Amino acid sequence: MMNSIETKITLSNIADDWLLMNKNKFKASTYQSYKYKIDKYIKTHYVAAYDIFSITELDAINFVNLLVDKKLSSKTINDIISLLNSLFDFAEKRYKMFHINVPYVKNTYKEMRVLSVSEQKHLEHYLIQGMDNYKFGIYIALYTGIRIGELCALKWSDIHDGTINVNKTVIRLKDGNKTKIVVDTPKTNHSFRTIPIPNFLNKIIENNRKQPEQYVLASDKISFVEPRLMQIHFKKAIFNCEISDASFHTLRHTFATRCVECGFDIKSLSEILGHSNVQITLNKYVHSSLELKQFNMDKLQKIAI
């Protein structure tokens, strides 16, 4: 067993060993996400060059403070801290490094963008007029809450009997100095799901149906539409509709919010969205509009004198 006297073992060495030993346990997209965060945020900090036996809790706190100074979101910071804790746990088990537990930062809630009802209606009218593959995809996302990668990976064989079977996703992976697009399985087991299609949307879908093995958003020139291209066409759509500060993921937030406003059962909605538990749906994706709050407040009339 090596020790700090025989050989200097740096945190950067530990990170390389941890990634190598766990590479086959992670999905390719997860591995690349971890490697990116380690390379960008952990290896670039001075503590990465330290011998693991000389790292102190103060070094760990300074590391977190630097992340906060970078104005990163609390989620991103906590993701990085989680990785750092995994590296320390690995070093503790393999090299008997003394235990260091890096505390997480407090989550700061940021209101997510949701289209207002009028914005949604404006967008819908735009999508229906001269509907092409891209408008078709945006319309599907607006009324199913499907993620952009899942949407791009859909084949016509995945849509049948009034349901959408989500079983794959399109992702961009690093390939040397370049990137490549691959169709992979969803990140978690909960992402595998069946989404019932509302009748009005199902009619539009069936009117556009093509061969079973063809991608739903494919054109004659390409096999499938990649997420970047869908995002470009979404930006064009909201520009033409004079809608600001919206991303493709806004469609998912909007879908969840409209479902709650319509009285959806939260458990059903959580499963449609592919969440692991109901709390995620409530905390992250459900936003109560001012109109809904007013509607609920007006219920107090029943008990008022």
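In this predicted model, Ile-164 has Ile-195 as its bridge partner in strand E5, and this pair is a convenient place to begin reading the strand arrangement. The pair belongs to the contact between strand E2, residues 163-166, and E5, where 4 bridges hold the two strands in the antiparallel sense.

From there the view can be widened to the open sheet, in which 3 strands follow the order E1-E2-E5 with antiparallel pairing. Its edges are strand E1, at 159-160, and strand E5, at 193-196, each of which pairs on one side only. In a regular strand, side chains alternate between the two faces of the sheet.

On the other side of the sheet order, E1 and E2 are joined by 2 bridges, again in the antiparallel sense, and within this pairing His-160 finds its bridge partner in E2 at Thr-163. These two strands make a hairpin with 2 residues between them, and in the turn Asp-161 adopts a positive phi of about 55°.

A further antiparallel pairing involves strand E3, residues 169-175, and strand E4, residues 178-184, which are linked by 7 bridges. One of the residue pairs to look for here is Val-170 with Val-183, the latter being the bridge partner in E4. E3 and E4 likewise form a hairpin, with 2 residues between the strands, and the turn contains Gly-176, whose phi is positive at about 70°.

Technical notes
Residues are numbered from 1 along each chain as its sequence is written. This is a predicted model: local features need pLDDT of at least 70, side-chain atom pairs count only at pLDDT 80 or more; totals for chains, interfaces and linings use all residues. Side-chain values use heavy atoms; hydrogens and water are left out. Two strands pair if DSSP finds at least two bridges between them.
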